[in-house]
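Reader: Please introduce the structure shown here to someone who has not met it before.

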Amino acid sequence: MTLAPQITFRNMETAPELEAAVLQEAEKLERFFPRIMSCRVAIEGPKRQEFGGLFRIRIDLGVPGEELLVEHNPTLHANLQNLDEERKTKKAEPHRERRDARRAIHEAFHEMRRRLQDYARRMREQARRGEGLLAGKVIRLTPDEDFGFIQADDGHEVYFHRNSVLAGHFDRLRVDSPVRFAEEMGEKGPQASSVRLIRPARQSRQAAATVLVRRHGASK
C-alpha cells in the first residue's frame, strides 16, 4: 500500500500476523480506489469480563473531502451460539483466537469496501453533474508518466494523475483542453481528485456561435 495504515492494538499485545492481515486487506482497498489519503485501524482484544471473547475492529479511512468509518462489533448472541463449539476446540486449536481476529478484520474491511464503493459512486455522480467543480485548462502534460497540471481560472496550478481523469479520457487531453475538476490537498500541495474533460463538440458549437456573432456585427 502506498500509504501504510496506522495500526493500534488495544487490550492485547501487538500481533505481527494481524498486522500482515490488515496490510493485505488495505492493499485490496487501494487497488479498488487509489486515492485513499489515510487509513487508521484499531484492533481491540476481548475483555476479561466478556463471555466467549469478542474482537472489535475500527477502520477510519480518509478519502477526498470525507472520512469513512467502520466499527465492527460482533454480537454477543452470535458469539454464544458458537460458545460450546469453541470450548470443545479450544484445546485442539491453540491459535483459534488469532483466527477469530483475522476473520473480524476481513469482515470489517469487507464492509469498508462496500462504503468505499458507495462513496466512489457518489463522487462520479457529482462530477457528472458538475457539482462543486472548478473550471480551468490543462497547461502541461507528461503522458509517459501519466500526470499533468491544470491552471484554474483564478490562476493557481493543480497537479492531476491519469487515475483522476473521468471516463478514461486522459489520452484525449491536450494542452489548453478545458476541464472541470475537484481539488484537494495532497502531500505535495493542491491536486485534482476528479477531472472532467469538457467535450470538444461543445467547444466547437461555442466557437461557431462566436463566429456567427462576429460576422453579424461586421455586416452592420
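Author: A nonpolar core is a set of buried Ala, Val, Leu, Ile, Met, Phe, Trp, Tyr and Cys residues joined through side-chain atoms within 4.5 Å; buried means under 20% relative accessible area with a 1.4 Å probe, protein chains only. The model is predicted: local features need pLDDT of at least 70 and side-chain atom pairs pLDDT 80 or more, while totals for chains, interfaces and linings use all residues. Residues are numbered from 1 along each chain as its sequence is written, and side-chain values use heavy atoms, without hydrogens and water.

Reader: Which residues have the most contacts inside the largest nonpolar core?

Author: In soluble globular proteins, nonpolar side chains tend to be buried together. Here the largest nonpolar core has 29 residues. Those with the most contacts inside this core are Ile 43 and Leu 116.

Reader: Which helix gives the most to this core?

Author: Helices (H or I, at least four residues) and strands (E, at least two) are DSSP runs, numbered from the N terminus. At least two core residues each come from helix 1 (16-32), strand 2 (38-44), strand 3 (56-63), strand 4 (66-72) and helix 4 (96-129). The element that gives the most, with 9 residues, is helix 4.

Reader: With which residues is Leu 116 in contact, leaving aside its neighbours within four places in sequence?

Author: Contact means heavy atoms within 4.5 Å. With those neighbours left aside, the partners of Leu 116 are Leu 29, Phe 32, Phe 33, Ile 36, Leu 61, Val 63 and Leu 68.

Reader: Which residues does the second, separate core include?

Author: This core is separate from the one described above and has 13 residues. Among them are Val 138, Val 158, Phe 170 and Val 179.

Reader: What are the edge strands of the open sheet of 4 strands?

Author: Two strands pair if DSSP finds at least two bridges between them. The open sheet has the order 1-2-3-4, with mixed pairing. Pairing on one side only marks the edge strands, strand 1 (6-10) and strand 4.

Reader: Which residue in strand 4 does Leu 61 stand opposite?

Author: Strand 3 and strand 4 run antiparallel and are joined by 7 bridges. Opposite Leu 61, in strand 4, stands Leu 68.

Reader: What angle does the direction of helix 1 make with that of strand 1?

Author: Helix 1 packs on the sheet, touching strand 1, strand 2 and strand 3. Axes are lines fitted to C-alpha atoms, for helices over the stretch in contact, and angles run from 0 to 180 degrees between N-to-C directions. For helix 1 and strand 1 the angle is about 140°.

How values were computed
Buried means under 20% relative accessible area, exposed over 50%, partly exposed in between (1.4 Å probe, protein chains only).
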